[in-house]
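The exercises below are meant to be worked with the sequence and the structure side by side. Try each task before reading its solution.

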Amino acid sequence: MKLNRKDILGIQELSVEEINLILETADSFIEVSTREIKKVPTLRGKTVINLFYEASTRTRTSFEIAAKRLSADTINISAATSSVVKGETLIDTAKNLEAMNPDIIVIRHSAAGAPHMLAGILRQSVINAGDGAHEHPTQALLDMMTIRAKKGGIAGLKVAIVGDIAHSRVARSNIHGLTKMGAQVSVSGPATMIPRGIEKMGVVVHMSIEEAIRDADIIMMLRIQTERETQNIFPSLREYAQYFSLNRKNIGLARKDVLIMHPGPINRGVEISSDLADGPHSIILDQVTNGVAVRMALLYLLTGGTS
Amino acid sequence: MKLNRKDILGIQELSVEEINLILETADSFIEVSTREIKKVPTLRGKTVINLFYEASTRTRTSFEIAAKRLSADTINISAATSSVVKGETLIDTAKNLEAMNPDIIVIRHSAAGAPHMLAGILRQSVINAGDGAHEHPTQALLDMMTIRAKKGGIAGLKVAIVGDIAHSRVARSNIHGLTKMGAQVSVSGPATMIPRGIEKMGVVVHMSIEEAIRDADIIMMLRIQTERETQNIFPSLREYAQYFSLNRKNIGLARKDVLIMHPGPINRGVEISSDLADGPHSIILDQVTNGVAVRMALLYLLTGGTS
Amino acid sequence: MKLNRKDILGIQELSVEEINLILETADSFIEVSTREIKKVPTLRGKTVINLFYEASTRTRTSFEIAAKRLSADTINISAATSSVVKGETLIDTAKNLEAMNPDIIVIRHSAAGAPHMLAGILRQSVINAGDGAHEHPTQALLDMMTIRAKKGGIAGLKVAIVGDIAHSRVARSNIHGLTKMGAQVSVSGPATMIPRGIEKMGVVVHMSIEEAIRDADIIMMLRIQTERETQNIFPSLREYAQYFSLNRKNIGLARKDVLIMHPGPINRGVEISSDLADGPHSIILDQVTNGVAVRMALLYLLTGGTS
């Protein structure tokens, strides 16, 4: 089967069949990273550009490793060292890169919709590596891959997403994906962090973390942007932690075999206590491992690979 | 034919035969970037260091892609993250890199003459990727390649270069190259941006853009450094745009088949109107595409390749 | 012979046999960097991550070139562009990288002991590329390799190390290594730069540079951190240079065939005069060349290579 799609911009536009195709392809790539020689020649002679307008270790590194394990050439461009400082428009930067004949452009940008704009203009494939508070599709795909691997499937699972739902592209992409795949998703967070009308996305809103995680199969904690403390969105990190952290006291409300996820980087002691982040229920590092495989799968499928 | 030259420092010192050799070699590399597998093993086991003391997206990316498509190993060093901050001299930095046995060092530096100084000291090939207001030879070569491809040749063409001639290494390199290749070059810009004695380089100076572009086959617009607005070199961007931008009103003075060029990044609405930058006369993105091929040609020829 | 060791953290814990194994392996790699095709397939499909929390040109470049000449994939992470800015702990960053299945993590960090902490946690090999004022083992190994190559051995040589002994990881690693290998090491520097009890490391302390370098076979000058001028550790660079620089006046006290070393970057005219740095006794650039070979040897041995 082929992915009949030029770009990966968001989970919202992916069908269940497409998600399944990507996850199955990713499963088959997991093995490459465990070999003695972690490299296949699949993308030899292809050029992948990582165009990052926001700082990132894990996502950029994950894409770069994925591309290199497929033998692609990779080019990293970060806003700080680019001619972006000279005031060139994003479209002009992208058209210039297009003219150098890369095969895939991976973009992270603080503006929601930036990857969609580029995808509409460029003949190359565009992968959204996070755009503002909009979508982070590769994160949701690696999360679904991890849940599937651990639970055997997604349909019917009770998933709680807790934290700053309003500003989280991870939450939005996962809500799109998990509801599509048949999970029951509940969300929780301070009232200022729950967007109005979120119920229309098919989720149940709970005011307390306790209600949200009750009988959950999966708890997905979101990273708190500590910068927001000064923006009156929540009173203090301490108060946030008191009401919305996942910890030894409230974890007992979830199912005994609950799995704990986090997109990282973690604020230990704020959204999650250290013992849980490092404990037997945590699959946070599996998420990272699967991230490389999901990105390999996307690079492979977008350049015409078949499952 | 071989290029009997260790370094590419400027267009000034290149002969017509050398320029032709480089452009013909570049023509033959255009095809590599359009293949399914965009890679040839020509420079396998060679090391190319990009030593950039000024920020750059397009030039650094173009050199990096060129090197990778030839299978060379590439190392990027940018001043911001280098030990340059520790106050090491440029010569010491270069001698250290030399000791690691690279094959080619590509350098961009704000000081005119920096690449020449290194070329005189290092046993490796040095390519000038832009030195102060002095030369930017790879830009002029890609410009000449683009003109040749579109017009079938350079000799006899009327070329207008408009903008900040005094501070532009792109203008200087192109004036050297285009006059050598037999074009008639006219320049125009605010009086404060026209260097005294520029006529000695074989160009005609016009005070107005209209006179410069009249009957032009090629119009090359230069990027205005908007930082200069505050330096009393010109009164305001608005006034600059009023008198020296290329737009729908004045383009009619040029030949009907005029080609519009710009080294980028573009200040839309300042030196050129958006409709012209994106219109049918614009070959700005061809320049970018040809840039990769010209750089492949130079890396190839400097490591002993023959046409 | 194999190196039975997961990590290279410091010279202190290496045995004489291990040092000899590394130096002999490095000798055999010198030749690769002088070939027409400077590349061997030894580490194909391995991933080397350069995780640099401090700026560095030469060490990072040296590791990157070493890895590429062995055909490894390399990933550079520098603190400035990483999610370190988001306040993630070093351990979490490292565990995340581990989850992406690299083979070797090279780390430079301002905190002494950071590489040891990671080595204890990660299943991958860790190489210390400099940790605070503690150790810089690859520098000492390349220094010993250079001495051995020039003098035929290390045992019995008189080595003087001059400068800021107290804050120098280069000094500490070399003292461990050179004394282990049978050299007689003397140190000298301003009283504020000589750590108390340094004699216990097996070195002789001299208050003047003249006494330290008298009859020396090797003089190793350390870089002065010019930032310390304002920290009352020494009165002024001029006064420092007057009393502790190596120059034409005092060099005559050393042996006629003395070799002058410096880890770089050099402060010309401060710790060493330019004529000596560039003169016939200087082997400073040999150190840099050997640095690539030592790092190739370590990457090779840590991934299971045998001498």
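**Exercise 1.** By about how much of a helix are B:Lys95 and B:Glu98 separated in helix α3 of chain B?

*Solution.* The model is a predicted one, so the answer concerns computed positions. Step one is to place the two residues: both belong to helix α3 (residues 90-99) of chain B, where they are three residues apart, which means that about one helical turn separates them. Step two is to look at the side chains, and those of B:Lys95 and B:Glu98 meet in a salt bridge with an N to O distance of 3.2 Å. Step three is to ask how each partner stands towards the surface: B:Lys95 is partly exposed, with a relative accessible area of 23%, whereas B:Glu98 is buried at 6%.

**Exercise 2.** Determine which parts of chain B are tied together by the pair B:Lys151 and B:Asp257.

*Solution.* Begin with the contact itself, a salt bridge in which the closest N and O atoms of B:Lys151 and B:Asp257 are 3.4 Å apart. Next, locate the partners: B:Lys151 lies in helix α5 (residues 137-151), while B:Asp257 lies in the loop between α8 (237-244) and β9 (259-261), so the pair links parts of chain B that are 106 residues apart in sequence. Finally, check accessibility, where B:Lys151 is partly exposed with a relative accessible area of 24%, and B:Asp257 also counts as partly exposed, at 37%.

**Exercise 3.** Describe the surroundings of A:Asp217, and decide whether this residue is buried or exposed.

*Solution.* First, find the residue in chain A, where A:Asp217 sits in the loop between α7 (209-213) and β8 (218-221). Second, apply the cut-off for burial, which is under 20% relative accessible area; because A:Asp217 has a relative accessibility of 9%, it counts as buried. Third, list its contacts: leaving aside residues up to four places away in sequence, A:Asp217 touches several residues, among them A:Gly156, A:Leu157, A:Val258 and A:Leu259. Fourth, consider the polar atoms, and note that a polar atom of the A:Asp217 side chain lies 2.8 Å from the backbone nitrogen of A:Lys158.

**Exercise 4.** Characterise the contact between chain A and chain C, beginning with how many residues each chain contributes.

*Solution.* Start with the extent of the contact, to which chain A gives 24 residues and chain C gives 24 residues. The two chains bury about 2500 Å² between them, and 50% of that area is on carbon and sulfur atoms. Turn next to the charged pairs: there are five salt bridges between chain A and chain C, including one in which the side chains of C:Asp103 and A:Lys38 meet at 2.6 Å, N to O. Polar contacts between these chains amount to 13 residue pairs, with both residues at pLDDT 80 or more. Then consider the side of chain A that touches chain C, to which α2 (58-69) and α10 (284-302) of chain A each supply at least two residues, and to which α2 of chain A gives the most, with eight residues. As a last step, sort the residues on this side of chain A by character, which gives eight nonpolar, six polar and ten charged.

Terms used: Residues numbered from 1 in each chain as written. Chains lettered and ligands numbered in written order. Predicted model: local features only at pLDDT ≥ 70, side-chain atom pairs only at ≥ 80, totals over all residues. Heavy atoms only, no water. Contact = heavy atoms within 4.5 Å. Buried area = accessible area lost by both parts, 1.4 Å probe. Salt bridge = Lys/Arg side-chain N within 4 Å of Asp/Glu carboxyl O. Polar contact = N/O pair within 3.5 Å; in protein donor to acceptor, adjacent residues only side chain to side chain. Helix = DSSP H or I, 4+ residues; strand = E, 2+ residues; numbered from the N terminus. Nonpolar A, V, L, I, M, F, W, Y, C, P; charged D, E, K, R; others polar. Buried < 20%, exposed > 50% of the residue type's maximum accessible area, 1.4 Å probe, protein only.
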